[in-house]
Amino acid sequence: MKQLSGMDALPVLADALDEGHAGLVAFSDKLRAVDDVPSFWFDDAPVWVVDREDTLDPWPVQAVGSRKIALACATGTRAFILPAEVFRAHVSAHLSAPLSDAEHQVLLDLACGLSVDESAARAGVAVSTRRKQLQGTFRKLAVDTQAAMVGLAGQVAHRLVARLSALHRSGDAGFGPYRAFLPAGVRCAAVERGDGATVRYLDMGPVSGRVVMVLHPMVFPDIHAEDVALFHELGLRAIWPVRPRCLSQSALKSGTWQDHCDAAVADCAAVLEAVSAAPVPVVALVSSGGYATTLAARHPHSVAQIDFVSTCYSAGRTRTRDGYFGDFLVRALRQNGRMAMVFAQHLSGAVFDLPRLERTVRRIFRGSAADKVVLDSVFSDAQKAARLKYAVRQSIGSIRHDYLGQVHFDWDDARRLPVTKQFWHGAQDRVHDLEDLTRLADYVSGRPPQVMAEMGHLTEGASLRSVLRAIAGTYPI
């Protein structure tokens, strides 16, 4: 098999994201210089958290390459690395006239400890030109000395560090801004694992109802008021554990999918121990089949049955479709991990431009009337579109591991489970082929998939409610 290369990725990017020439050039450049996945996001800016020696810095800002800066935390043992444009925006927010590119650069250079001569040399301009730019900076900042200007830069850095530290501390301990996207009746809860780690989960439906655990897809779905009402109607208490690094500001990283899977399964087990003394049915949405299988294998007395819904089964090595970039990414992870990581990072940039994000996801799910209904609902509502953007942006680490799971998870593990297993597939799913899924379902469960006529691939809204109602009908009375 031919090794996948960056050249193989270019037509996929052009098709999936409608990527133009400039974007394809940028992707090629990224192949030569890979950034780690950001620790978290500050508005639309990526932030990396790095450990450092506990030293006193005479200057408030440190340059990191040509486009990033580092700001030290108050403890001195950690620093935040972020785009220099974030610093510029915070300075300009308090000015009647924003700094020009040259004025912003001279402010940064001097805040990093450079002299005017060194700043001029770095910019490739005459010292006299740099001094004129410095005077312009003085006027806009209402200061008259370099010391005062650097002091002002220090104030901006201090305020930024305070805001970044608050975001970083929030980590996985809560839901933060995501609470605003949840309807009434959804209980945000947390439980502590034996090792002290905090596990977040959503809890909905009657507290005294039959417990069912729902494992979410890689992008957390939109929970509707109608979903909450359905769980009450069915008498089900639905527990949704939130996987590590999903809907999170956490800087915690896991090097392998197995580490991530171990943490996710330990989280599920801790939640089950807190809410149910009896085995519970598990609904595994889309990419969560590996987690459900591992949970049942390690905690056989906790899982009563598994229903796999809209399953991503690339791990079954069935036919793939490059029009859906997920298939390409899974193959790339098997053959060329470095290129796959760059590809994923490049794709994640699309989420910051909502029109581009809309074009991308509509292209992925084209041909499915059911999925079109879901997407029309999302992109015709500013609040729903903002929720989707947040859910993707704050879950990049988790999404990466869900793709890795399709490489490392083996469906033989699911086949060996003694629990009842059932696959559910949308008749209008244009991402995964029913013929392929039927073979997989027969191999894993010994029975054909249940096909939902009005469901596509996306598992939210009316499609999700229809399959949850059907699944609930299979539970013993």
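Which residues form one aromatic cluster with Y178? F181, F220, W240 and Y390 join Y178 in one aromatic cluster. This is a predicted model, in which local features need pLDDT of at least 70 and side-chain atom pairs count only at pLDDT 80 or more, while totals for chains, interfaces and linings use all residues. Residues are numbered from 1 along each chain as its sequence is written, and side-chain values use heavy atoms, with hydrogens and water left out. The structure holds nine aromatic pairs and 21 salt bridges.

**Aromatic pairs**

- Rings of Phe, Tyr and Trp (its six-membered ring) pair if their centres lie within 6.5 Å; planes under 30 degrees apart count as stacked, over 60 as edge-to-face and the rest as tilted.
- Among the nine aromatic pairs is that of Y178 and F220, which is edge-to-face, with 6.1 Å centre to centre and 80° between the planes.
- This pair links distant parts of the chain, 42 residues apart: Y178 is in the loop between α7 (146-170) and β6 (187-192), and F220 is in the loop between β8 (210-215) and α8 (225-234).
- Helices (H or I, at least four residues) and strands (E, at least two) are DSSP runs, numbered from the N terminus.
- Y178 and F220 are both buried. Buried means under 20% relative accessible area, exposed over 50%, partly exposed in between (1.4 Å probe, protein chains only).

**Charges over rings**

- A charge sits over a ring if NZ of Lys or CZ of Arg is within 6 Å of the ring centre and within 35 degrees of the ring normal.
- K68 lies over the face of W48, at 4.6 Å from the ring centre.
- R200 lies over the face of F175, and here the value is 5.6 Å from the ring centre.

**Salt bridges of D222**

- A salt bridge is a side-chain nitrogen of Lys or Arg within 4 Å of a carboxyl oxygen of Asp or Glu.
- D222 forms a salt bridge with K384, and the closest N and O atoms are 3.1 Å apart.
- That pair links distant parts of the chain: D222 is in the loop between β8 and α8, K384 is in helix α15 (residues 382-393), and they are 162 residues apart.
- D222 is buried, at a relative accessible area of 5%, whereas K384 counts as partly exposed at 21% relative accessibility.
- D222 also meets R387 in a salt bridge (3.7 Å, N to O).
- R387 is in helix α15 too, 165 residues apart from D222.
- Both D222 and R387 are buried.

**Other salt bridges**

- R439 and D436 form a salt bridge, with the closest N and O atoms 2.3 Å apart.
- R439 and D436 are separated by about one helical turn, because they are three residues apart in helix α18 (residues 434-445).
- R439 counts as partly exposed at 44% relative accessibility, but D436 is buried, with a relative accessible area of 1%.
- E358, R362, K372 and D376 are joined into one network by salt bridges that share partners.

**Packing around P217 and S165**

- P217 is in the loop between β8 and α8 and counts as buried at 7% relative accessibility.
- Leaving aside neighbours within four places in sequence, P217 is in contact (heavy atoms within 4.5 Å) with R243, L285, V286, S287, D402 and T459.
- The C-alpha atoms of P217 and L285 are separated by 5.3 Å, though these residues are 68 residues apart along the chain.
- S165 is in helix α7 and is buried, with a relative accessible area of 15%.
- Outside its neighbours within four places in sequence, S165 is in contact with C73 and F80.
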